[in-house]
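Welcome, and please open your viewer so that we can walk through this protein together. At each stop you will get something to select, followed by a short account of what is there.

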Amino acid sequence: MRSLILAVVLGTSLGSWGVWAHDEGHGPKLTDSAKQGGVVSPVVEAKDASKGAKAPLIHKSELVRAEDGSVRVYLYDKEMKPLDLSQFDSSAKGVVEFKKNKKWNKVPFSLKQEEGAFVGKAPQVASKPFNIDIHVKEGSKELLAAFDNLD
């Protein structure tokens, strides 16, 4: 009987440890609908990314992927109105992260401003799910838009 009680207590307490995992992403959860048919994610300062959901929201972003691997990243203000990209560097850096053999691999790619979005070609990966992180500079601030659990 003692073993059964110990097993139940350990089982229920260990399940709550998942609360401490960093599953919440980078920045507050968003409920906005995508304007271009993509995936919406918060934009935070890269230095604040480790704060998870507590990272202050700077802007919002949307990732739109095409079959050929090309991606378009749109930037919006907090009310989902398109931002003027002239305040940002003309290029951005992207990273595709995926797990292979229990190890995270990162493959960089570049994006450039084109018709109101940052456009680039992301490398194709067979492992799913995967993440795409976009780093862009706005003045002296390095910003991060993290799109997690993509397939």
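## First stop: a pocket

The second largest pocket has a volume of about 200 Å³. To find it, select R65, A66, G69, Q124 and F130, which are the closest to its centre among the 14 residues of the lining. What is the lining made of, in terms of nonpolar, polar and charged residues? Eight of the residues are nonpolar, two are polar and four are charged. Keep in mind as you look around that this is a predicted model.

## Step back: the whole chain

Now show the whole protein as a cartoon. You should be able to pick out one helix and eight strands. Following the chain from the N terminus, the helix comes before the strands, in the order α-β-β-β-β-β-β-β-β. Of the 151 residues in the protein, 37% are buried. Next, think about contacts between residues at least 6 apart in sequence: 52% of these join residues at least 24 apart.

## Strand 6 and its partners

Select residues 117-121, which make up strand 6. Why is this strand described as largely enclosed by the rest of the structure? The reason is that four of its five residues are buried.

Add strand 3 to your selection. Strand 3 and strand 6 are antiparallel and pair over four bridges. One spot to zoom in on is V73, whose bridge partner in strand 6 is F118.

Then add strand 5. This strand also runs antiparallel to strand 6, and four bridges join the two. Look for L111, which stands opposite G120 of strand 6. Strand 5 and strand 6 form a hairpin with two residues between the strands, and there E115 takes a positive phi near 50 degrees.

## Into the core

In soluble globular proteins, nonpolar side chains tend to be buried together. To see such a group here, select F118 and I134 and show their side chains. Within the largest nonpolar core, which has 24 residues, F118 and I134 touch the most other members. At least two residues of this core come from each of strand 3 (70-76), strand 4 (91-100), strand 5 (103-114), strand 7 (130-138) and strand 8 (141-150).

Stay with I134 for a moment. Which residues is I134 in contact with, leaving aside its neighbours within four places in sequence? The contacts include V73, F109, L111, L143 and F147, along with A92, K93 and G94.

There is also a second, separate core, with seven residues; V64, Y74, Y76 and M80 are among them.

## A cavity inside

Rolling a probe the size of a water molecule over the atoms shows where empty space is left. How many cavities of 30 Å³ or more does a search of the whole structure find? The search finds one, and the space in the largest cavity is about 30 Å³.

Select V43, V73, L75, I134, V136, L143, L144 and A145 to see the residues that line this cavity. Strand 3, strand 7 and strand 8 each supply at least two residues of the lining, and the largest share, three residues, is from strand 8. The lining has eight nonpolar residues, with no polar and no charged ones.

## Three loops to visit

Begin with M80, in the loop between strand 3 and strand 4. Is M80 buried or exposed? M80 is buried, because its relative accessible area is 5%, under the 20% cut-off. Now select K35 as well: M80 and K35 are 45 residues apart in sequence, yet their C-alpha atoms are 8.5 Å apart in space. Besides K35, the contacts of M80 beyond four places in sequence are D32, S33, V40 and K60.

Move on to N101 and K102 in the loop between strand 4 and strand 5. N101 is not a glycine, but its phi is positive, near 55 degrees. K102 is not a glycine either, and its phi is also positive, at about 65 degrees. N101 is exposed at 73% relative accessibility, and K102 is exposed with a relative accessible area of 79%.

Finish at P129, in the loop between strand 6 and strand 7. Show the backbone from K128 to P129 and look at the peptide bond: it is cis, with omega near 0 degrees.

Conventions
Residues are numbered from 1 along each chain as its sequence is written. This is a predicted model: local features need pLDDT of at least 70, side-chain atom pairs count only at pLDDT 80 or more; totals for chains, interfaces and linings use all residues. Side-chain values use heavy atoms; hydrogens and water are left out. A nonpolar core is a set of buried Ala, Val, Leu, Ile, Met, Phe, Trp, Tyr and Cys residues joined through side-chain atoms within 4.5 Å. Buried means under 20% relative accessible area, exposed over 50%, partly exposed in between (1.4 Å probe, protein chains only). Contact means heavy atoms within 4.5 Å. On a 1 Å grid over the protein atoms alone, a cavity is a set of points where a 1.4 Å probe fits but cannot get out, and a pocket is an open set with protein on both sides within 12 Å along at least five of seven lines; lining residues have an atom within 4 Å of a point. Grid points are joined across faces, edges and corners, and a volume is the space filled by probe spheres set on the points. Ala, Val, Leu, Ile, Met, Phe, Trp, Tyr, Cys and Pro count as nonpolar, Asp, Glu, Lys and Arg as charged, and the others, Gly among them, as polar. Two strands pair if DSSP finds at least two bridges between them.
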